[in-house]
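Q: Before we turn to details, could you show me how to read a ligand site and then a sheet?

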Amino acid sequence: MPSVPEAFTPPPRVLLGPGPSQVAPSVLRALSLPTIGHLDPAFLGVLDQVRAMLREVVGTSNELTMPMSGTGSLGMETCIVNLVEPGDRVLVGINGVFGQRLAEVARRAGAEVVTAECTWGRALDVDSLARAAAGRSFKLLCIVHAETSTGALTPIAPFRELADRLGALLLVDAVTSLGGVPVDMDAVGADALYSGTQKCLSCPPGLSPVSFSPRAMQVVAQRKLPAQSWYVDLGLIAKYWGGERLYHHTAPINMIYALHEALRLALNEGLSLRYARHRQVSHALGVGLEALGLRLLVPASERLPPLMLVEIPAGVDDARVRRHLLERDNVEIGGGLGPLKGKAWRIGLMGESCTANSVSTVLAALRDALISEGHRAPDDPVAAAQAQLR
Ligand code: PLP
């Protein structure tokens, strides 16, 4: 019989990549609480509190606001699969990998997908989307609020106006923004939104908050055909999360405890203070990276505070530097995705990871790794960053 492995002990990493982010000790403790039944009245009370807290963080009064049992991609599937029927026209703005993924998921749902290709590393350009629409009407307009492959933040409100002109519902990917950047779903007029727990909410990966406006729910209710996926059929799932408490699938109990605690931490901090922390700490990181002689990919006005893209200098080996950081300093940062692979690093300051300490840790580790690659820093990056935070 093969020998049974030892129990796993993870190394003490500092997570400063594109997610997952550091998880607070109290969230980890919540995960380890005793599992109870998914129809236990005590657990149903937790569901109600999770929904109420999620509404607050999302900025919505939508009745249908809840976490789907899967990662951010399941939130994406849930929105598309419930809102789109075969033959529906869908417009997707693309300025990175996750816009591409949205377009692919919509195609697989049978939509006639029109894409507007925008510059990677910049916010989505509403005029490019209007041109791509070419006067046609659409069922759905999809945008990524915070493009994790490039670190660009797109303001949502202008896309509401465009969606109105196109007769479309507005779907927003808020995976990397929720909890770190204001989303304000109702104020900006988004009809459907999804996120993930492992970014600025600092919960482990495994749940995907979604919210549907009454108008979006009406579209779901008026479908000609049932959603092609039984598992993500919101009409069915809402009966468990809503008043009827009808079994659909077994809720991931302990993950919901963890989200409950992560939402409590976010609301106890105060959302405005939390957003300000992300802005200030991220600004300091940018100053430190520039002191290292590195170039930031996204212009300051379109930069996503929780995630910074930094260009890899010529002659520096991407994989070797990231390995240096991980093996010597226990620091994880992300590599580039798609066309940015080997050309940029992604440094995340999300939720619990977004601290002055993280900034010093990653800058010091990066300086050492770059020196061993023969790159000379013009200034002391840690001092430059800390001066911003004093
Ligand atoms: N959308 C965006 C913007 C993301 O950053 C991610 C993941 O990084 C996803 C969707 C997919 O989420 P997940 O990897 O949790 O399935």
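Q: Where does the ligand sit?
A: In this predicted model, the ligand sits in the largest pocket.

Q: Which residues around the ligand are the closest, and how many surround it?
A: A shell is read by listing its members and then asking what they are. Here 14 residues surround the ligand, and the closest are T71, S73, T148, D173 and K199; by class, the shell has 5 nonpolar, 6 polar and 3 charged residues.

Q: Which helices each supply at least two residues of that shell?
A: Both α3 (72-83) and α4 (97-108) do so, and the largest share, 3 residues, comes from α3.

Q: Which side chains have a polar atom at a short listed distance from an atom of the ligand?
A: A polar contact is a pair of N or O atoms within 3.5 Å. By that cut-off, a polar side-chain atom of T148 lies 2.4 Å from a ligand oxygen atom, one of D173 lies 2.6 Å from a ligand nitrogen atom, and an N or O atom in the side chain of Q198 is 2.7 Å from an oxygen atom of the ligand. Of the 390 Å² of accessible area that the ligand has on its own, the protein covers 87%.

Q: In what order do the 3 strands of the open sheet lie, and is the pairing parallel or antiparallel?
A: Strands of a sheet pair through backbone hydrogen bonds, in either a parallel or an antiparallel manner. The order here is β11-β14-β13, with antiparallel pairing; β11 (307-311) and β13 (334-335) are the edge strands, each pairing on one side only.

Q: How many bridges join β13 to β14?
A: There are 2 bridges between β13 and β14 (residues 344-348), and the bridge partner of G335 in β14 is W345.

Terms used
Residues are numbered from 1 along each chain as its sequence is written. This is a predicted model: local features need pLDDT of at least 70, side-chain atom pairs count only at pLDDT 80 or more; totals for chains, interfaces and linings use all residues. Side-chain values use heavy atoms; hydrogens and water are left out. A residue is near a molecule or strand if one of its heavy atoms lies within 4 Å of it. A polar contact is a pair of N or O atoms within 3.5 Å; within protein, one must be able to donate a hydrogen and the other to accept it, and residues adjacent in sequence count only if both atoms are side-chain atoms. Accessible areas come from the Shrake-Rupley method with a 1.4 Å probe; for residues, only the protein chains shown count as cover. On a 1 Å grid over the protein atoms alone, a cavity is a set of points where a 1.4 Å probe fits but cannot get out, and a pocket is an open set with protein on both sides within 12 Å along at least five of seven lines; lining residues have an atom within 4 Å of a point. A molecule sits in a cavity or pocket if more than half of its atoms lie within 2 Å of its grid points. Helices (H or I, at least four residues) and strands (E, at least two) are DSSP runs, numbered from the N terminus. Ala, Val, Leu, Ile, Met, Phe, Trp, Tyr, Cys and Pro count as nonpolar, Asp, Glu, Lys and Arg as charged, and the others, Gly among them, as polar. Two strands pair if DSSP finds at least two bridges between them.
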